[in-house]
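I opened this entry to record what I looked up around the ligand and then in one stretch of strands. The structure follows, and my notes come after it.

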Amino acid sequence: MKHQALPTSAARSIADAVKRVVNPVGSPAVLKGRPRNSSEITKQFGEVDAIVVGTGPGGTSVARGLARAGKRVVMLEAGRDHRGSWYYGTPLGPMIYTEKRGFLRSKEGIAIVRPMLTGGATNMFAGAASGPPDWWEARTGINLGQEIEETIDELNIAVLPDDQMGRASQRIAEAGRALGQDWYAQPKFNDVSRCRVAFDCGAKCMYGCRCGGKWTANDFMDQAIAAGAALLTECTVREAIIEEGAANGVRGTHRGEPFELRAKSVIISAGGIGTPRILQNSGIADAGNKLAVDTNFVIFGVSEQRGNADESPMTVSYCDDEAGLMYSSLMQPWGLFSLQQILMGRQHWPKIGKFPRMMGVMLKIKEDLKGYVAPDGEISMPLTEVDMRRANQGYLVCRDILIKAGCDPDSIFWNPPRGTHPCGTARIGEHIDADLKTKFDNLYVCDASTFPDALVRPPTLTIIALGKRLARHLNADLSATSKTDQPAEAAAPVH
Ligand SMILES: Cc1cc2nc3c(=O)[nH]c(=O)nc-3n(C[C@H](O)[C@H](O)[C@H](O)COP(=O)(O)OP(=O)(O)OC[C@H]3O[C@@H](n4cnc5c(N)ncnc54)[C@H](O)[C@@H]3O)c2cc1C
C-alpha cells in the first residue's frame with residue numbers, strides 16, 4: 001500500500017477537491033484478472049482450484065489467501081465495481097448499488113441495507129472494528145485469536161487520533177461516562193496513511209469512502225487479483241453443482257446468460273441473505289430458517305453546537321452486554337436523513353434545517369435469530385415485544401446522554417429501525433462444521449451467515465478472521481489433493 005503525506009497547501013487542497021469530484025479514490029488501479037466470461041476463465045486457467053462466490057470481507061479474505069498460495073481462484077460477484085464512477089460515495093451511490101435502491105424491507109417492514117457491488121457491504125460500513133463476543137469460542141469451537149491479531153496489524157486497526165475523533169462524538173462519550181457508563185474509543189478500519197487525498201471521514205463514508213482512508217474488501221479483492229485470481233462481475237450464482245455428495249462447480253447467470261463453471265472447491269460468501277438462497281438451491285433446504293440483522297436505531301438531539309455529521313461515524317462506543325445493547329456515536333449522512341424526513345411527512349421537514357447542530361447516537365439491540373430467508377426470496381424480520389422493550393430502554397439511555405451532552409430535551413427523536421448486519425442463516429454447528437464445510441464435500445461457507453447468533457457488535461473483523469482461517473485450511477487440503485492428482489501449475493494472471 002502506497003503511503004502519501006497529507007497535503008498542506010491550498011493548491012493541494014483544491015487539487016484534492018477536484019480529484020474527489022472526478023476521480024474518487026478507490027477506483028481500481030489494476031484491471032487485470034477480469035475475464036469477460038466463464039469460458040474465457042476455463043480457457044486461461046484450465047482447471048480451477050476454487051470458486052469464491054461474493055466479494056465481501058468473507059469471500060475476499062479466502063480468495064486472497066488461496067491466490068497468494070498459488071491456487072487458481074475465481075471470484076464471482078453479482079454486482080459491479082462502482083469505485084471509479086462519479087457517483088460512488090455520493091447520496092446517489094446507494095440508490096444504484098444497494099438492493100431495491102435502498103428500499104429493501106422485511107415482510108414486517110424493517111429496512112434492510114444490502115449493498116450489491118464488489119467489496120460487498122464494507123463499501124457502506126461505518127468502519128468500526130471489534131473482535132468476536134466472549135461466547136464465540138465456546139459456541140463455535142473456533143479460536144480466532146491469531147487471525148484477529150494478524151488482521152489488526154495488517155490493516156492498522158486502531159482508535160483514531162484525538163483530532164479525528166470528533167468534538168461532538170467526544171461530548172457524547174463524556175456525557176455517557178458522567179452517567180456511569182464505560183464509553184471507550186472504538187478501534188476503526190480507517191487509517192489516514194491509506195488516503196490518496198486528504199482524510200475526509202464523516203457520516204458520508206457510509207455512501208462509500210471517497211478519500212481512501214477506509215479499508216474495504218475491495219482492497220483484498222485487488223490483492224487477490226494481483227496474486228493471480230480472476231474476477232467475474234455481474235455474475236449471479238444460483239446454486240452449487242453437487243454430484244455424488246460433493247460440490248464441483250456452480251451455475252448461475254452472467255449478464256443474464258446462463259453459465260456453468262467447474263472447480264475443486266466452492267466457497268459461498270454471498271452474505272447473510274445471498275448465501276442461504278444459494279444453499280437452498282443446492283440441496284440444503286433448511287439454510288435461512290433463521291436470521292438476525294442487528295436491528296439498530298439512531299437517536300437524535302439538537303444542541304447549540306455543531307453536531308457529529310462531519311465526524312467519522314462510531315469513534316466512541318459503549319456495550320451493555322447484560323442489557324443486550326450497544327451504543328455508538330453516529331449520525332446519518334445528510335442526504336439519507338433528509339430523504340427519510342421528507343418521506344415521513346410534512347411535520348418532520350423542519351428537522352432538516354437543524355441537521356448541522358444535530359447529534360446522533362446509534363443503538364443496536366440484541367435480538368434472537370427470529371427472522372428467515374425463504375426459498376421464494378421472502379425475508380422475514382419481525383420486531384418482537386421483547387425487542388421493543390429493549391429498544392425503549394436503550395432510547396431512554398440515549399436521551400439522557402444527549403441531554404447531558406447539551407441537547408434540548410424537546411428535540412430528541414429516533415428514526416425507524418434498520419438492519420445492517422444480516423447473519424446467522426448458515427450457522428456453525430448446524431449447517432456447517434468448525435471448518436466451515438457443509439454436509440457436501442468441497443462446499444464451504446464463509447461470511448456473516450456462519451454466525452451461530454447475532455454478535456451485537458461490528459462483525460467484519462470476525463468475518464475476515466474466519467476467511468483467513470479457511471484459506472489456511474483449504475490451502476492444506478488443496479495441496480494434498482494436487483499431490484495425489486497432478487502437480488498444480490502456478491495460477492497465471494488473466495489479462
Ligand atoms: C450501513 C452499514 C454500516 C455498517 N457498519 C459496520 C461497521 O462499522 N463495522 C463492521 O464490522 N460492520 C459494519 N457493517 C456490516 C458489514 O459491512 C457486513 O457485516 C459485512 O460486510 C458482511 O460481510 P459478508 O462477507 O458476510 O457479506 P457482504 O459484505 O454482504 O458481501 C456479500 C457479497 O456477495 C455478493 N452476492 C450476493 N449474492 C450473490 C450471488 N447470488 N452471486 C454472486 N454474488 C453474490 C454481494 O453483491 C456482495 O458483494 C455495516 C453494514 C452496513 C450496511
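**The shell around the ligand**

I began with the elements that line the ligand, and in this predicted model I found that helix 3 (57-68), strand 6 (235-243), helix 10 (271-281) and helix 14 (460-484) each supply at least two residues of the shell. Of the contributors, helix 10 gives the most, with 4 residues.

I then looked up the shell as a whole, which comes to 39 residues around the ligand, and I noted G54, G56, G120, G271 and G274 as the closest. By residue class, I recorded 20 nonpolar and 17 polar residues in this shell, with 2 charged ones besides.

Where does the ligand lie with respect to domain 1 and domain 2? I saw that domain 1 (30-81 + 117-155 + 215-288 + 423-495) and domain 2 (107-114 + 159-206 + 293-420) both give residues to the shell, and therefore the ligand lies between them.

**Strand 11 and its partners**

I turned next to strand 11, residues 316-320, and noted that 4 of its 5 residues are buried, so that I entered the strand as mostly covered.

Which strands pair with strand 11? Strand 4 (residues 184-185) runs antiparallel to strand 11 and is joined to it by 2 bridges, and here I found A185 opposite V316. Strand 12 (residues 325-329) also pairs with strand 11 in the antiparallel sense, over 4 bridges, and I noted S328 of strand 12 as the bridge partner of S317.

Finally I checked the connection between strand 11 and strand 12, which form a hairpin with 4 residues between them; in that turn, G324 has a positive phi of about 70°.

Notes:
Residues numbered from 1 in each chain as written. Predicted model: local features only at pLDDT ≥ 70, side-chain atom pairs only at ≥ 80, totals over all residues. Near = placed C-beta within 6 Å. Nonpolar A, V, L, I, M, F, W, Y, C, P; charged D, E, K, R; others polar. Domains from an automatic or database assignment. Buried ≥ 20, exposed ≤ 12 C-beta atoms within 10 Å, placed from the backbone. Pairing = 2+ DSSP bridges.
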